[in-house]
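Subject: Structure handover

Hello,

Here is the structure we spoke about, with the sequence alongside. My notes on what was found follow below.

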Amino acid sequence: MNRFVLVGLRNLFRLPGAYFKLRRYAKHPELYPEEERWQHVQKVLGMVVNSGNIDLQVFGRENIPESDSFMLYPNHQGMFDVVALAATCHRPLGAVYKKELQNVPGLKYVLQCTQSFAMDREDVRQSLTVIQNVTKEVLSGRNYLIFPEGTRSKNGNAMGEFHGGSFRAAIKAKCPIVPVAFIDSFKVLDQKGSAPVTVQIHYLPPIPYEEYCELKTVELAAMVKARIQKAIDENLT
């Protein structure tokens, strides 16, 4: 059985109400406090995790800053990554995502609800505008998520290139960077059927601005990738 079909069947009477509430938040996010919207996003995506035969193991949640605004930089293995981050990060997040996801059923409402930004990777000017907007948002106190690979790796737990440009927003905002390591996240959607699958998510110690302020973007990208790679190497079974 398809994993999402399984989720739907197990939440047959809960999902419709949760879905319509999510859509209401998404259409008018400015009318509702961010914490309220985020709690509902976590509730909806928590249903996916809890009823999809997914053992989501979370490590290092204490590394998420409690007061300062921050940016998360995870490796990217598939669409489930967004679900896992939203379900496990207790502080509200916006995201930078590729424009192709704007019309994915359900997910588009999560992205709208969290006031996330679509990026057109083929349009340099539009991409720069997104980075500028994210910088302003982080400076105003919001937290954001960017996948520095730009797109998912198609090689399991092997990472692709980390693009230095994705770190410009953090540098300009002078905020802490939290590297995040995913292990086996790709299996949730790549594995046929709905057999049980275990996914690890590791929130690594934040990198304060003072530690990376003198680095070039490509050097910072290499540093973050190396820390994620270390976590994968140490925990991959």
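Leu-72 stands opposite Leu-145 in strand S5. Please keep in mind throughout that this is a predicted model.

Strand S2 and its neighbours

The pairing of S2 with S5 (residues 144-146) is parallel and rests on two bridges. S2 also runs parallel to strand S6 (residues 177-183), and here four bridges join the two. In that second pairing, Met-71 stands opposite Ile-177 of S6. S2 itself spans residues 71-74 and is covered on both faces. Met-71 and Tyr-73 are buried on one side, and Leu-72 and Pro-74 are buried on the other.

Salt bridges

How many salt bridges does the structure hold? The count is seven. Three of them are described here, with the exposure of each partner.

One of them links Asp-120 to Lys-99, with 3.4 Å between the closest N and O atoms. Asp-120 sits in the loop between strand S4 (117-119) and helix H6 (124-139), while Lys-99 sits in the loop between strand S3 (94-98) and helix H5 (107-113), so this salt bridge ties together parts that are 21 residues apart in sequence. Asp-120 has a relative accessibility of 18% and therefore counts as buried. Lys-99, at 37%, counts as partly exposed.

Another is formed by the side chains of Glu-137 and Arg-142, at 2.8 Å from N to O. Glu-137 counts as partly exposed because its relative accessibility is 23%. Arg-142 is buried, its relative accessible area being 10%.

The side chains of Lys-187 and Asp-184 also meet in a salt bridge, at 3.7 Å from N to O. Lys-187 is partly exposed, with 30% relative accessibility, and Asp-184 is buried, with a relative accessible area of 12%. As for networks, Glu-34, Glu-137 and Arg-142 are joined into one by salt bridges that share partners.

A buried arginine without a salt bridge

Arg-37 belongs to helix H3 (residues 34-51). What is the nearest side chain of opposite charge to Arg-37, which is buried yet has no salt bridge? That side chain is Glu-34, and the distance is 5.2 Å. A salt bridge requires a side-chain nitrogen of Lys or Arg within 4 Å of a carboxyl oxygen of Asp or Glu. The side chain of Arg-37 does reach a backbone oxygen, that of Cys-113, at 2.5 Å.

Thr-114 is found in the loop between H5 and S4. Thr-114 is buried, with a relative accessible area of 7%. From Thr-114 to Lys-187 the separation is 73 residues in sequence and 26 Å in space, C-alpha to C-alpha.

Nonpolar surface

Which residues make the nonpolar surface patch of about 280 Å²? They are Phe-4, Met-79 and Leu-189. Leu-189 is placed in helix H8 (residues 187-190). With a relative accessibility of 37%, Leu-189 counts as partly exposed.

Regards

Key:
Residues are numbered from 1 along each chain as its sequence is written. This is a predicted model: local features need pLDDT of at least 70, side-chain atom pairs count only at pLDDT 80 or more; totals for chains, interfaces and linings use all residues. Side-chain values use heavy atoms; hydrogens and water are left out. Buried means under 20% relative accessible area, exposed over 50%, partly exposed in between (1.4 Å probe, protein chains only). Two strands pair if DSSP finds at least two bridges between them. Patches are made of residues with over 30% relative accessible area and no salt bridge: like charges are joined within 9 Å, nonpolar side chains (Val, Leu, Ile, Met, Phe, Trp, Tyr) within 5 Å. Accessible areas come from the Shrake-Rupley method with a 1.4 Å probe; for residues, only the protein chains shown count as cover. Lys and Arg count as positive and Asp and Glu as negative; His and the chain ends are not counted. A polar contact is a pair of N or O atoms within 3.5 Å; within protein, one must be able to donate a hydrogen and the other to accept it, and residues adjacent in sequence count only if both atoms are side-chain atoms.
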